[in-house]
Amino acid sequence: MTLDEPSPQGKRKRVLVTGARGMLGADLCEVLSAEHEVRGVDVEDFDVTHVAAVGEAMAADRPDMVVHCAAWTDVDGCERDPERAFLHNGWGTWNVAQAAAGIGASFVYLSTDFVFDGEKGEAYTEFDAPNPLSVYGASKLAGEEAVRSLVPRHYVVRSAWLYGARGPSFVRTILEKSVEREEVEVVADQLGSPTYTRDLARALAEVIVGGRVVPGTYHIVNSGACSWADLAEEALRLAGRRTRVKRISAAEWDTPTRRPACSPLRSRRLELQGVPGLRDWQKALVSYLEEVG
Ligand SMILES: NC(=O)c1ccc[n+]([C@@H]2O[C@H](COP(=O)([O-])OP(=O)(O)OC[C@H]3O[C@@H](n4cnc5c(N)ncnc54)[C@H](OP(=O)(O)O)[C@@H]3O)[C@@H](O)[C@H]2O)c1
């Protein structure tokens, strides 16, 4: 994964991926490497909050496109430390976007369903107005705004409820708990769009990096919607575990963070450009379990 060679003309791009050690970033680097020249960077390469380091790295690498996955994704941590949340997710994104704009690179920013308040009562499209309930959601929205204001050719891609082979996730936690427990308590009154990082990485590679759609804001998630409890039950059933799910309300769950009650995402802008959405979340979950064995 180097950017040492000059960028060839045509489809092949030089792509810089931040947060490359993270759950999505790692899958994305692997998938993108099949067609593009990819450099994955993480905190040890440069901290996105350090403006000079970001500028130097970008000027040295001169990618055609930056995919900014790096973020502080600890939702409860963000709630407890808003200053750090906005530093990493708002200011950090500002730095990376500004540096990308400075070298004329296009920009892909990963955002979240947590920018919505969940009051709509049905799936959110890209045309709905954000209204985050949490510090994490507000800090990611600040990142979206930085990208829109700084980089002419940008893609803001909102996804949701990610799980993948490379990182801690809700699905992994449930499966781990099931080794020791007969019952797990899971919130049943929050709905969303669980999304497998492999599916999202492939869609980012083909549709966004591959240039099949015009710049702008996109929702990319596995199809369908469910509650955390539904997701836990399906994961346990598919994995052949006997652990029961005790369905509880969000009010019963001990967390400092207000999460949207209903934030499934609909990929309306892909639909409008004739690009099919991702497969159902249940099918994706089968593939995830096959991948992790
Ligand atoms: N997880 C979800 O459910 C979800 C849903 C929707 C959207 N997203 C968005 O999708 C993207 C990827 O999510 P993910 O779950 O794959 O994240 P992740 O596993 O937490 O990975 C994020 C990566 O960013 C790095 N990072 C954090 N702060 C940094 C900084 N200041 N400078 C440089 N690197 C930094 C982290 O390094 P350390 O580990 O060393 O901190 C980590 O490797 C994020 O932008 C996230 O907001 C996630």
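How many residues surround the ligand, and which are the closest? In this predicted model, 25 residues surround the ligand, and the closest are Arg21, Leu24, Thr73, Tyr136 and Lys140.

**View 1. Polar contacts of the ligand with Met23, Leu24 and Lys140.** Two of the contacts shown here are made through the backbone: a backbone N or O atom of Met23 lies 2.9 Å from an oxygen atom of the ligand, and a polar backbone atom of Leu24, a residue listed among the closest to the ligand, is 2.8 Å from an oxygen atom of the ligand. Lys140, which is also listed among the closest residues, contributes through its side chain, where an N or O atom is 2.8 Å from an oxygen atom of the ligand. Taken alone, the ligand exposes 900 Å², and 81% of that area is buried by the protein.

**View 2. The shell around the ligand and the elements that build it.** The elements that give two or more residues to this shell are the stretches α1 (23-32), β4 (106-112) and α5 (135-150). Of the contributions to the shell, that of β4 is the most, with three residues. When the residues of the shell are divided by character, 13 are nonpolar, eight are polar and four are charged.

**View 3. The crossing of α1 and α7.** Helix α1, one of the elements that give two or more residues to the shell around the ligand, is shown here with helix α7, which spans residues 197-209. The axes of α1 and α7 come within 9 Å and cross at roughly 50°. Because angles from 35 to 65 degrees are neither roughly parallel nor roughly perpendicular, α1 is described as oblique to α7. As for handedness, α1 passes α7 in a right-handed crossing.

**View 4. The crossing of α6 and α10.** This view pairs helix α6, made up of residues 170-180, with helix α10, made up of residues 281-292, and the axes of these helices come within 12 Å and cross at roughly 60°. That angle makes α6 oblique to α10. The crossing in which α6 passes α10 is right-handed.

Terms used. Residues numbered from 1 in each chain as written. Predicted model: local features only at pLDDT ≥ 70, side-chain atom pairs only at ≥ 80, totals over all residues. Heavy atoms only, no water. Near = heavy atom within 4 Å. Polar contact = N/O pair within 3.5 Å; in protein donor to acceptor, adjacent residues only side chain to side chain. Areas by Shrake-Rupley, 256 points an atom, 1.4 Å probe, with all protein chains shown as cover. Helix = DSSP H or I, 4+ residues; strand = E, 2+ residues; numbered from the N terminus. Nonpolar A, V, L, I, M, F, W, Y, C, P; charged D, E, K, R; others polar. Axes fitted to C-alpha atoms, helices over the stretch in contact; angles between N-to-C directions. Parallel < 35°, antiparallel > 145°, perpendicular 65-115°, else oblique. Left-handed = near helix turned anticlockwise from the far one by under 90°.
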